Amino acid sequence: NYSVPVISEAGPGEFRVGEEVNLTCSSSGGYPEPDVYWIGRDGHLLPEHRHVQTISSDPGSGLCQVTSLLRVTANGNVSLRCVVINRSTGDRKISAPWKCNFAAGVCSGRR
């Protein structure tokens, strides 16, 4: 089974309104390759063209590690979750929410 995904920020961690912020969602320890989705504040899936995922597998165990990169613009309030779904079992793992009020410079769920 895949681990619970973790959302983290790529880069220095300080945001200016209007800049792009790179977020990654990572999960590991499952098989076969999973489906990865990002969910916005309203509970809707973000379009797949907005994120890029890479999958690697451990040669010894055959278990996969997945990382999905999402770019968001630092504007207003953002709330995101990442979902990793095992294609064969349907098992879902959902990250803790990553929330940011960019105008106030307050973010939670940061790693």
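Colleague: How many salt bridges does the count come to here?
Modeller: Happy to walk you through them, and please keep in mind that this is a predicted model. A pair qualifies when a side-chain nitrogen of Lys or Arg is within 4 Å of a carboxyl oxygen of Asp or Glu. By this rule, the number of salt bridges is 3.

Colleague: Thanks! Which residue forms a salt bridge with E20?
Modeller: Look from strand β2 (residues 20-30), where E20 lies, to strand β5 (residues 64-73). The pair ties together parts that are 51 residues apart in sequence. The closest N and O atoms are 4.0 Å apart, and the partner of E20 is R71.

Colleague: Is E20 buried or exposed?
Modeller: Exposed means over 50% relative accessible area. E20 has 57% relative accessibility, so E20 counts as exposed.
Its partner R71, by contrast, has a relative accessible area of 45%, so R71 is partly exposed. For E20, then, the word is exposed.

Colleague: How far apart, N to O, are the side chains of R87 and D35 in their salt bridge?
Modeller: R87 sits in the loop between β6 (77-86) and β7 (92-94), while D35 belongs to strand β3 (residues 34-39). This pair links distant parts of the chain, 52 residues apart. Their side chains meet in a salt bridge with an N to O distance of 2.9 Å.

Colleague: And which residue forms a salt bridge with K93?
Modeller: K93 is partly exposed, at 23% relative accessibility. Its partner is also partly exposed, at 26%. The closest N and O atoms are 4.0 Å apart, and the partner of K93 is D91.

How values were computed: Residues numbered from 1 in each chain as written. Predicted model: local features only at pLDDT ≥ 70, side-chain atom pairs only at ≥ 80, totals over all residues. Heavy atoms only, no water. Helix = DSSP H or I, 4+ residues; strand = E, 2+ residues; numbered from the N terminus. Buried < 20%, exposed > 50% of the residue type's maximum accessible area, 1.4 Å probe, protein only.
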